[in-house]
Every structure is written in structure tokens, then in C-alpha cells.
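Colleague: I am new to this structure and should like to understand the reasoning behind its description. May I put some questions to you?

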Amino acid sequence: MSNKIIAEGAEARISFFILNKQKYILKERISKTYRVKELDDIILLRRLKSEVKILNLVKLANVCCPIVYYSDGNKILMEYLPFCESKSIVNGKPNILKKIAQDIVKLHRNNIIHGDLTLCNILFDKKNNVPYFIDFGLSFISTKTEDKAMDLEVLREIIIADFSEKIWKVFEKEYAKYNPEIIKHMEKIQKRKKYLS
Ligand SMILES: Nc1ncnc2c1ncn2[C@@H]1O[C@H](COP(=O)(O)OP(=O)(O)O)[C@@H](O)[C@H]1O
Ligand SMILES: [Mg+2]
């Protein structure tokens, strides 16, 4: 069995390994040392259970995400997706944002709020033109326009910081075809932010 850590953040360690010629990703949640151990275990377990539950709902919404093979107290064993992060291809291919927008519309229609929408958390199968969503550790279910608009606001800020307003508009235009009221609500959030800063 070969094993390689591919990402290690504040919250999780992601490792890739091969077992019987099959490729897997293991996501282990890391304890925060400043929290009390018992409390930490409860928080980790709750987060992990919610991530697994949401991954199943995402599949039911007809949006691609990794298959979960196994999960317990602090880890999820899932399908390895052999695709690049959208962040590394969006510059040359901004139209991938149209497919991404259509799938986020599906998530939001099913009241799934991703909670950490970045282009690193969306892998892209270039051959079949299909996005795959990952990292549902901060996701939740909500029918509120505010929560859906905030989900997009995170993505907007990141796209503008890393790329440009023009690239964001490719996403916005496509999403607005289906859910214009959420895009309208984002203006309110932006005004509020300006007022507070
Ligand atoms: N199922 C997967 N298949 C392929 N790569 C993955 C998979 N899950 C995570 N990764 C890679 O690891 C990175 C970090 O994983 P992620 O779940 O986003 O954890 P975090 O952002 O909390 O560290 C992702 O951006 C992606 O590049
Ligand atoms: Mg991530």
C-alpha cells in the first residue's frame, strides 16, 4: 500500500493511497489542541456525520461528488477523483464556470449550502465537462435566500481576488438565469459589508 499526504490544513489531513490497484482518499479530521478533548471529539464527530450525510444529499440532487466507502469518528474513506482543481483551469477556460453555476443552482434548489465554495473545492473533469464538488465539512441545509447568497458571496470574493470581475460575471450571468433573486440578494449583502467596513 502506498500512502501520500496531499493536503494538510487546520481542520483536516487528506491522504491518497492505493489498495488492490484501487485509488482512495482518506480525510482525517484533526483535533484542535486549544479545545477540551471531550468537546473536540463531539465537534469532530458531528462535523463528520454532517459531511457524510450531505455528500449523500448531493448525489440525490444529481450533482457529482466523491462516493463515501466508509466513515467513523474522525475519518472518511472516499473515492479518489482524478481531476484538477477548477482554480488551475478557469483562466484558460472560463466557460467551466457555466457548468459550475448550473450545479450550484441544483445544490441551492435542494437547499444544500456548501459553506466553503472555493475553486479548490470544485474539481473539474475536463474530458466530460463535469464539475465534482468536495469538502462539505462546513455545509448545512437551509431554505434561506440569505444563506444561498452568502454561499455565492464567498465564491465571488475569491474569484475576484484570484482572477477578475470579468471571470466572476461568467458565473453570475449563468446562475442568474435560474435564480435571479439570489444574485439580487447578493447586492444587499455587499451594501451591508460596505456599511460595516
Ligand atoms: N476525493 C478527492 N479526490 C481527489 N482529490 C481530492 C479529494 N478530496 C480532496 N482532494 C484534494 O485535497 C484538497 C484538500 O481537500 P479538502 O477536502 O478540500 O480539505 P481541506 O480544504 O479542508 O484541507 C482538495 O482541494 C483536493 O485538491
Ligand atoms: Mg478544501
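Colleague: How much area do domain 1 and domain 2 bury between them, and what share of it is on carbon and sulfur atoms?

Modeller: In this predicted model, the two domains bury about 1,200 Å² between them, with 70% of it on carbon and sulfur atoms. On the side of domain 1, Ile54, Val63 and Cys64 lose the most area to domain 2, together 39% of what that side buries. The domain assignment places domain 1 at 2-79 and domain 2 at 84-196.

Colleague: What makes Lys27 and Asp135 a salt bridge?

Modeller: Their side chains meet at 2.8 Å, N to O. The cut-off is 4 Å between a nitrogen of Lys or Arg and a carboxyl oxygen of Asp or Glu, so the pair qualifies. The count between domain 1 and domain 2 is 1 salt bridge.

Colleague: Why are Asn121 and Asp135 called donors of the magnesium ion (ligand 2)?

Modeller: Asn121 (OD1) and Asp135 (OD) lie 2.1 to 2.2 Å from the ion. The limit for this metal is 2.8 Å, therefore both count as donors. Asn121 lies in the loop between strands E7 and E8, and Asp135 in the loop between strands E9 and E10, 14 residues apart.

Colleague: Is Asn121 buried or exposed, and how do you know?

Modeller: Asn121 has a relative accessible area of 8%. Buried means under 20%, so Asn121 is buried.

Colleague: Why is Asp135 called partly exposed?

Modeller: Asp135 has 24% relative accessibility. Because partly exposed covers values between 20% and 50%, Asp135 belongs there.

Technical notes
Residues numbered from 1 in each chain as written. Chains lettered and ligands numbered in written order. Predicted model: local features only at pLDDT ≥ 70, side-chain atom pairs only at ≥ 80, totals over all residues. Heavy atoms only, no water. Donors = N, O, S within 2.8 Å, 3.2 Å for Na, K, Ca; no water. Helix = DSSP H or I, 4+ residues; strand = E, 2+ residues; numbered from the N terminus. Buried < 20%, exposed > 50% of the residue type's maximum accessible area, 1.4 Å probe, protein only. Domains from an automatic or database assignment. Buried area = accessible area lost by both parts, 1.4 Å probe.
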